[in-house]
Amino acid sequence: MRPDETPHETLSPRYDWNGFGFDTRQVHAGEAAEPAHGARITPVYLTAAYRFDSFAQAEARFTGADEGQLYSRNLNPTHQVAERRIASLEGGSGAIVLGSGQAAITAALLGLAGAGERIVSTASIYSGTRILFDRTFARLGVSSDYVRDARSEADWEAAIGPDTKAIFVETIPNPKNDLVDVVAIAQIARRHRIPLVVDNTVATPYLIRPLELGADIVVHSSTKFLSGHGAALSGAIVDGGRFDWTGSSRSFPGLTDPTAPGKPSFVEAHGERAFEAYLRFGIVNDLGAALSPVNSFLLQQGIETLSLRMERHLSNASTVAAWLDAHPAVESVDFAGLPHNAFHDIAQARFGGHAGSVFAFTVRGGRPAAEAFFDSLRVVSRMTNIGDVRSMALHPATTTHVSFSAEERDRLGIGDGLIRLSIGIETVDDLIADLSDALDAASRRVGD
């Protein structure tokens, strides 16, 4: 036998990526073999429903005994890859993708709180989330209490009552960049035995993984940094898999009661993936907040380069923030990466010295200066959205926060001269040149 004819083993591709590094998992985690043609990229399964093999299989899938495909409103093979990948990156037991980040927050919190019950949140969060809580949740009978100083344990204790069913925070609040110490909030949540839900959209699991710090559930507007390209809406919920639903001081009947007469509860049937299963086959299914398989495919394409993009986002943001902080036309910069910022200690302790790439600054001269600045931008896009590879700017007082009272805008620090920036991955010198020209225009407008 010639040496080149020596028998050897051909190994199968790897599909278990547990224990591999973040960069490897963002490319590979969640993949499954595609036996029909050997397609290397996850196919887009554009189907509303799936054929059953038999009467018995149809019954088993509707009762949950068989977790196979039933209907794309709650399960789709394209989605499953994105879900497993996001769960891997966040360190969760499972995940579910939805049609938008707003849908993710809605489903996660309505899965925990119902009419006559309450949630507690930091006051400084994305304006759309505040509006969701104060308008739609309120109409459904779910009340919201707000803590204005997230560092004040006394304020949290005062806000939490016997009918509080969840705590909600953002790791990096938008637009003020007033970072939250997840470890401290998690300790409060554990003391009251209520789940902590964390929106990790701006930080992403590249920068911080809240589940590792004591959070119970993570949500994302994966439209933003996880996708990165701005081409498609999507949202995600990650189940941490560690909350004791039966041992909580609060009641969570959707998880602990039988799903039907003679059937086990979601906790009994699904264990550490109980919340994911409850949402998938309950809340999300009922609300119909389904994600398009095409958008799920685009989400996967974005995740593959998350760490590479985040490195540039963070570097550019730090450079731009420091430059703005030294500019005479700038009154203040809300960026926790700056040493003099009130939240710099949290940036150092929890975020590796970073503060994300979404922050605000205040131009001198109020609204007239802000208007001139905004209208003079040519590289930075004038638009709503964050987390795109492209840099973007917005004037919150007249857009995202326009429905807030003047008093509430003042309490939140949303002044007439405030500009929100989402710093992209362009050449940073080009961004600074564009911002410089726009600040010059603002100074001319107010006569400085």
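Two strands are taken as paired if DSSP finds at least two bridges between them. In this predicted model, strand 2 (residues 118–122) and strand 4 (residues 164–170) meet that criterion, joined by 4 bridges. The two strands run parallel. Within strand 4, Ala-166 stands opposite Ile-119.

This pair belongs to an open sheet of 7 strands with the order 1-7-6-5-4-2-3. Pairing in the sheet is mixed. Strand 1 and strand 3 (143–147) occupy the edges. Each has a single partner strand, so one side of each is left without a neighbour in the sheet. From one strand to the next, the twist averages 20 degrees. Helix 3 packs on this sheet and touches strand 1, strand 6 (217–220) and strand 7 (235–239). The direction of helix 3 makes about 130 degrees with that of strand 1.

The loop between helix 3 and strand 1 contains Gly-91. This glycine has 37% relative accessibility. Because buried means under 20% and exposed means over 50%, Gly-91 counts as partly exposed. Leaving aside residues up to four places away in sequence, Gly-91 touches Leu-211 and Arg-242. Its C-alpha atom is separated by 40 Å from that of Glu-331, 240 residues apart along the chain.

A second open sheet has 5 strands in the order 8-9-12-11-10, again with mixed pairing. Here strand 8 (330–334) and strand 10 (381–382) stand at the edges. Each pairs with a single strand, so one side of each lacks a neighbour in the sheet. Strand 8 joins strand 9 (residues 358–363) through 4 bridges, and the two run antiparallel. Ser-332 stands opposite Thr-362 in strand 9. Helix 13 packs on the sheet, with contacts to strand 8, strand 9 and strand 12 (418–422). The direction of helix 13 makes about 15 degrees with that of strand 9.

Strand 12 also pairs with strand 9, over 5 bridges and in an antiparallel sense. One of these links matches Ala-360 with Arg-420 in strand 12. Strand 11 (residues 392–394) pairs with strand 12 as well, antiparallel over 3 bridges. There, Met-392 has Ser-422 as its bridge partner. In strand 12, 5 of the 5 residues are buried, so the strand is largely enclosed by the rest of the structure. In a regular strand, side chains alternate between the two faces of the sheet. Leu-418, Arg-420 and Ser-422 point one way from strand 12, whereas Ile-419 and Leu-421 point the other way.

Helix packing was examined next. Two packed helices are described by the angle between their axes and the distance between the axes. The axes of helix 15 (residues 366–375) and helix 17 (residues 428–446) come within 7 Å and cross at roughly 145 degrees. The crossing is right-handed. Helix 15 contributes Pro-368, Ala-369, Glu-371, Ala-372 and Phe-373 to the contact. From helix 17 come Leu-435, Ala-438, Leu-439, Ala-441, Ala-442, Arg-445 and Val-446. By class, the contact residues comprise 10 nonpolar, no polar and 2 charged.

Helix 12 (residues 293–303) has Pro-293, Ser-296, Leu-299, Gln-300, Gly-302 and Ile-303 buried. These buried residues pack against helix 1 (22–28), helix 3 (77–90), strand 1 (94–98) and helix 13 (306–325). At the start of helix 12, a side-chain oxygen of Ser-292 reaches to within 3.1 Å of the backbone nitrogen of Val-294.

Key: Residues numbered from 1 in each chain as written. Predicted model: local features only at pLDDT ≥ 70, side-chain atom pairs only at ≥ 80, totals over all residues. Heavy atoms only, no water. Buried < 20%, exposed > 50% of the residue type's maximum accessible area, 1.4 Å probe, protein only. Contact = heavy atoms within 4.5 Å. Polar contact = N/O pair within 3.5 Å; in protein donor to acceptor, adjacent residues only side chain to side chain. Axes fitted to C-alpha atoms, helices over the stretch in contact; angles between N-to-C directions. Left-handed = near helix turned anticlockwise from the far one by under 90°. Nonpolar A, V, L, I, M, F, W, Y, C, P; charged D, E, K, R; others polar.
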